[in-house]
Amino acid sequence: MGETVIPLADLRYAAPVPAIPRQAIPATGLLSDGLGRPLRDLRISVTDRCNFRCSYCMPKEIFDRDYLFLPQTSLLSFEEIARLARMFVAHGVQKIRLTGGEPLLRKGLEALIAMLAELRTPEGAPLDITLTTNGSVLARKAAALQRAGLQRVTVSLDGLDDAVFRRMNDVDFPVADVLAGIAAAAAAGLGPIKINMVVKRGTNEQEILPMARHFRELNRQHPGSQIVLRFIEYMDVGASNGWRMDEVLPSAEVLRMLQAEWPLLPLQASVAGETAERWRYADGAGEVGLISSVTQAFCQDCNRARLSTEGKLFLCLFATQGHDLRTLLRNGTPDADISSALGAVWARRDDRYSELRAAQPTDAAGGGRRVEMHYIGG
Ligand code: SAM
Ligand code: SF4
Ligand code: SF4
């Protein structure tokens, strides 16, 4: 018998295989965690690779030619992803976000979207299926993604100035191509489109007002296809971006800058557990969102689970450990048992990293190596 070789990349984050509970946990759609939070939102990373090297996520110096990305055999197949997704949905998930790495680099992603689009909640409703992308190949893919069943996209864009944008993606990618991707997504009906702008003090805060102005103008020209710009505080996720608090521009400052130009009115959250604080322009030019993961923790309502590219379940963006579901998928465990196991994992969940960090800003998560954002997705 030959030995089983476990690729090094698989061992980067500890991930025990969850135990199958002795007593089955039925999938009633009503699962809640140790702090009473339901499971509603599943983020699935479909690749750990990316064609950008944003310094806050995959700095070039670390994610270079020698970096070991996951081998193809480690990745969950689309069938495996859909199999797990069905179990998550039975436990209460209503929204699935595909992410990465850059999800549009995963070949044939439309086939996965079509499989997910067939799933129904216990009440018989279709899922809300969306995707976060850097927009680099969106112009080519938007129409096919929509035909496959994708409903919306979120496009990350950190500035409009070409030089600033090229510097931030660090692969000299032109901003015009991302703007063309956003236009193609709007034309394909993948709206309302959200635009995510990570704000880093000293790097792109001068882009805040031009970005706001640009998307206000688009909303005025095309009132039917609203684009929602969201400003995201630079987070201390992962262990390789050299995060420093003094590079975080608090959302309160962003809001002050916007309010000095345009009157804004607060909006109610549209769904429970929403990450963004929403505001609308008083003159009707659309809305903006502020995601204050650093200065205003929102763990209390956090209903998000994350599934890594190789089938590890993470209960928090700042987790140091995952739960290896792939082994269960591949060792013949029946779906009912896997479903019970994941129910038990969620039922024990008590993660609230951002709240703890706010209370104790140094190292609230304790020891251990935090998972990287490109690996579990945003
Ligand atoms: N590649 C895709 C993209 O950029 O949209 C999807 C994956 S990316 C990891 C998901 C989101 O995480 C992006 O909007 C990105 O800007 C955000 N992100 C990555 N690192 C971050 C950090 N350190 N702080 C805040 N947001 C971050
Ligand atoms: Fe790639 Fe997205 Fe990370 Fe930028 S934020 S490096 S585009 S995964
Ligand atoms: Fe959820 Fe963890 Fe973020 Fe808190 S820190 S909102 S628990 S992902």
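I take a residue as buried when its relative accessible area is under 20%. The model I consulted is a predicted one.

**Entry 1. Strand β9**

I began with β9 and asked how many of its residues are buried. The result was five of five, so the strand is largely enclosed by the rest of the structure. I then looked at the two faces separately. Glu287, Gly289 and Ile291 lie on one side, Val288 and Leu290 lie on the other, and both faces are covered. This arrangement recalls a general rule: in a regular strand the side chains alternate between the two faces of the sheet.

Next I looked up the partners of β9. With β6 the pairing is parallel and spans four bridges; isoleucine 232 has isoleucine 291 of β9 as its bridge partner. With β8 the pairing is antiparallel, again over four bridges, and here glutamate 277 faces leucine 290 of β9. I noted that β8 and β9 make a hairpin, with five residues between the two strands. In its turn, glycine 284 shows a positive phi of about 85 degrees.

**Entry 2. The sheet as a whole**

I traced the sheet outward from β9. The sheet is open and holds twelve strands, ordered β7-β8-β9-β6-β5-β4-β3-β2-β1-β10-β11-β12, with mixed pairing. Which strands stand at the edges? I found β7 and β12 (323-324) there; each has a single partner strand, so one side of each lacks a neighbour in the sheet. I also recorded that helix α7 (residues 251-261) packs on the sheet and touches β6 (227-233), β7, β8 (277-281) and β9 (287-291). The direction of α7 makes about 160 degrees with that of β9.

**Entry 3. The edge at β7**

I selected leucine 265, which belongs to strand β7 (residues 264-266). Is leucine 265 buried or partly exposed? Its relative accessibility is 35%, so I class leucine 265 as partly exposed. Apart from neighbours within four places in sequence, leucine 265 is in contact with Arg278, Trp279, Arg280 and Ala282. I also checked glutamine 226, which is 39 residues from leucine 265 in sequence and 17 Å from it in space, C-alpha to C-alpha.

**Entry 4. The edge at β12**

At the other edge I examined β11 (residues 312-314), which is joined to β12 by two bridges in the antiparallel sense. Lysine 312 is placed opposite aspartate 324 of β12. I then measured nothing further on the strand itself but turned to arginine 326, in helix α8 (residues 325-330). Arginine 326 has a relative accessible area of 14%, and I therefore record it as buried. Between arginine 326 and lysine 312 there are 6.8 Å in space, C-alpha to C-alpha, for a separation of 14 residues in sequence.

I also looked at serine 308, in the loop between β10 and β11. Its relative accessibility is 1%, so serine 308 counts as buried. Leaving out residues up to four places away in sequence, serine 308 touches Ser45, Phe314, Tyr375 and Ile376.

**Entry 5. Strand β3 and the nonpolar core**

I found strand β3 (residues 128-133) mostly covered, with five of its six residues buried. Strand β2 (residues 95-99) runs parallel to β3 and is joined to it by four bridges; leucine 98 stands opposite leucine 131 of β3.

Leucine 98 came up again when I looked up the largest nonpolar core, which has 109 residues. The residues with the most contacts inside this core are Phe88, Leu98, Ile195, Phe231 and Leu258. Helix α1 (residues 78-90) gives the most to the core, namely seven residues. For isoleucine 195 I listed contacts beyond four places in sequence, among them Val155, Leu157, Ile182, Met211 and Phe215.

**Entry 6. The ligand shells**

Around ligand 2 I found Cys50, Phe52, Cys54, Tyr56, Cys57, Met58, Gly101 and Asn134. This shell divides into six nonpolar and two polar residues, with no charged ones.

Which residues surround ligand 3? I recorded Phe298, Cys299, Cys302, Arg304, Arg306, Cys316, Leu317, Phe318, Asp351, Arg352, Tyr353 and Ser354. The elements that give two or more residues to this shell are β10 (304-307) and α10 (353-359). By class, the shell around ligand 3 has seven nonpolar, one polar and four charged residues.

Notes
Residues numbered from 1 in each chain as written. Chains lettered and ligands numbered in written order. Predicted model: local features only at pLDDT ≥ 70, side-chain atom pairs only at ≥ 80, totals over all residues. Heavy atoms only, no water. Near = heavy atom within 4 Å. Nonpolar A, V, L, I, M, F, W, Y, C, P; charged D, E, K, R; others polar. Buried < 20%, exposed > 50% of the residue type's maximum accessible area, 1.4 Å probe, protein only. Contact = heavy atoms within 4.5 Å. Pairing = 2+ DSSP bridges. Axes fitted to C-alpha atoms, helices over the stretch in contact; angles between N-to-C directions. Core = buried A, V, L, I, M, F, W, Y, C linked by side-chain atoms within 4.5 Å.
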